Every structure is written in structure tokens, then in C-alpha cells.
Amino acid sequence: FPLANWVAVLPSRGDRRAILTSLMLGSVSATTALLVGAPIAWWVSQLLPRGRSIWLSLLNTATNFSGIGLAFGFVAILGNYGMITLAFQDLGVPLIPPAPNTFWGLVLAYNYTNIPLFILLTIAGMGMLRQDWWEAAQTCGATQVRFWRAIGLPILAPFLGAGWLLVFTWSIGLYGIPFALAGNGATRKVSLITLVIGDSLQASISGQGEAAVLAMVLLMIAVISLLTYRWMLGRTARWF
């Protein structure tokens, strides 16, 4: 409860770097999931029920594969001696994937789960876009680009933004994947809020204050994101 912990933690360059890196990692991961996942979500939503159920099963499986297992899979597939890395090198293609313990390595590992998660979060919203709206727009002479700019994207924007916020919050709170990929505190190249909390709790009793402050920072980010999420979904009610 006293402010002494805040005074000690927030001016620290290392703690500020952990907060900033976590925010950047969450933003980049969520934006990548948005750019890749939104077109796929729209495509899946337009499939027949049988095809849609197959894709939903695959997406659910990918979403539930995370943590230490996902980190091991990343190293086994895209590590220095990973299956895909060695296969491309045998073909003469100098494939050099980002190192697992770097910022972009974590982004790549995160998005294995984040993209399917984003699709599952937004696919229901894609179904809100009615076919008769497109037919009405065609009757009025609108092109497909005009339809998406004036009708489609404004209606789907709250759903896409809400999915972005949830993936952003999820990414910031991850611990198992970065812990397995980034290494220990002494040689770690990427500093994240969750990793610093883990190091502080393991170090000594004196680290409890730092862990508590950073946990509160995580909590505040989550609360702000979820309140914004509720507000954005509430805006869609005016269309239906």
C-alpha cells in the first residue's frame, strides 16, 4: 500500500524498459493478428457449415497449444537446427529465422496462437454483415470497394478493435512462452513485465515490492483494455 515501492520501481530504467517492451510486443502481436486474421475470419465465415466446422476445429486446436510446448515447437521447427530451417538450407535457401530469445522471435511464436485466437474472437462478428446490405449497395451502384469503405468496415470495426484489444491484453500477460524462449535473467535479450515479476519473486523478499508494483501495472492495463472492449462492442448495438 505505501508509495515507496512505486517510487523505487517506476524511475528504474530496467522496469520502464520492461513495461515499454511489453506494450510494444502486445501491440505488434495484436496488429499482426488483425492484419492476417481478419481476412481469414471473413473467408471462414462465408464457408458452408461443414467446411466452417472443420476450420473451427483446427483453429481451436491451435489456440489451445501454447506455453512451454509451443516454445519447444518453435525451437524444433524454426530454431538454428529446426526442421524448416534445415530443409530450406538443404535447398540452398539461406533461411535465417529470428532468434527465439529476440523481440521478433517472440512475435513469431506468439502469433501461432494469437492469429487463431483473433479469428475465433471475430468470426461471429463477421456473420453480422448481411448479404442483403451488399445487394442494396449494388442496386445503388456502389462498387465492392465503396461497400467495404462505407458499410462493411464501419460495421466490423468495433468487432475487429475488440479482438485486437483482447489479443493485446493476452499477449502482455503471457509468461510460459517468453520464459522458455528468452532464457534466464542474466543473458536475457528481451525484458517483459511478466519475466521481471518472475525474477523478482525468485530473487529475494526485497523483490516482492517490485513484483507487486508491476503486477498492478499489468492489472491496470487489463482493466483499461477490457473497459474499452466493452465500450467498443456497445457501439455495435446501434446497427442491430
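**Entry 1. Helix H6**

I started with helix H6, residues 103–126, and found that it bends by about 40° at asparagine 111. The model I am reading is a predicted one. I then looked up burial along this helix: 18 of the 24 residues of H6 are buried, so the rest of the structure largely encloses it.

I used asparagine 111 once more as a reference point. Its C-alpha atom is separated by 9.8 Å from that of valine 28, and the two residues are 83 apart along the chain.

**Entry 2. Valine 28**

I followed that pair back to valine 28, which sits in helix H2. Is valine 28 buried or partly exposed? I read a relative accessible area of 24%, and valine 28 is therefore partly exposed, since buried would need a value under 20%. With residues up to four places away in sequence left out, valine 28 touches Phe103, Trp104 and Val107. I note that H6 runs over residues 103–126.

**Entry 3. The chain as a whole**

I stepped back to the overall layout. I find 11 helices and zero strands in the protein chain. Written along the sequence, the pattern is α-α-α-α-α-α-α-α-α-α-α. The C-alpha trace spans about 70 × 55 × 30 Å along its principal axes. Of the 240 residues in the protein chain, 40% are buried.

I also checked how far apart in sequence the contacting residues lie. I took contacts between residues at least 6 apart in sequence, and 74% of these join residues at least 24 apart.

**Entry 4. H2 against H8**

Two packed helices are described by the angle between their axes and the distance between the axes. For helix H2 (residues 13–45) and H8 I have an angle of about 135° and axes 8 Å apart. H2 and H8 are therefore oblique to each other. Their crossing is right-handed.

I listed the residues that make the contact. From H2 they are Ser22, Leu23, Gly26, Ser27, Ser29, Ala30, Thr31, Ala33, Leu34, Ala38 and Trp42. From H8 they are Trp148, Leu160, Trp164, Val167, Phe168, Ser171 and Ile172. I sorted the residues of the contact of H2 with H8 by class and got 12 nonpolar, six polar and no charged.

**Entry 5. Serine 27**

I picked one residue out of that contact, serine 27, which has its place in helix H2. Its relative accessible area is 25%, so I put serine 27 down as partly exposed. Which residues does serine 27 contact, leaving aside its neighbours within four places in sequence? I found Trp164 and Phe168. For scale, I also looked at serine 27 and leucine 120, which are 93 residues apart in sequence and 19 Å apart in space, C-alpha to C-alpha.

**Entry 6. H7 against H8**

I stayed with H8 and turned to its packing with H7. Helix H7 covers residues 131–139 and helix H8 residues 144–172; they pack at an angle of about 140°, with axes 10 Å apart. That angle makes H7 oblique to H8. H7 passes H8 in a right-handed crossing.

H7 contributes Trp133, Trp134 and Ala137 to the contact, and H8 contributes Gln144, Phe147, Ile151 and Ile155. By class I count six nonpolar, one polar and no charged residues in the contact of H7 with H8.

**Entry 7. H4 against H5**

I looked up helix H4 (residues 68–78) and helix H5 (residues 83–90), whose axes come within 3 Å and cross at roughly 10°. That makes H4 roughly parallel to H5, as angles under 35 degrees count that way. Ala76, Ile77 and Leu78 in H4 meet Met83, Ile84 and Thr85 in H5. The contact of H4 with H5 has five nonpolar residues, one polar and no charged.

**Entry 8. H10 and serine 200**

I finished with helix H10, residues 193–203. Its buried residues are Ile193, Thr194, Leu195, Val196, Ile197, Gly198 and Ser200. What covers the buried residues of H10? I found that the cover includes H2, H8, helix H9 (176–182) and helix H11 (208–235).

I looked further at serine 200, which is found in helix H10. Serine 200 has a relative accessible area of 4% and is therefore buried. Serine 200 and proline 11 are 189 residues apart in sequence, and their C-alpha atoms are 16 Å apart in space.

Notes. Residues numbered from 1 in each chain as written. Predicted model: local features only at pLDDT ≥ 70, side-chain atom pairs only at ≥ 80, totals over all residues. Heavy atoms only, no water. Axes fitted to C-alpha atoms, helices over the stretch in contact; angles between N-to-C directions. Helix = DSSP H or I, 4+ residues; strand = E, 2+ residues; numbered from the N terminus. Parallel < 35°, antiparallel > 145°, perpendicular 65-115°, else oblique. Left-handed = near helix turned anticlockwise from the far one by under 90°. Contact = heavy atoms within 4.5 Å. Nonpolar A, V, L, I, M, F, W, Y, C, P; charged D, E, K, R; others polar. Bend = angle between axes of the 7 residues up to and from the residue. Buried < 20%, exposed > 50% of the residue type's maximum accessible area, 1.4 Å probe, protein only.
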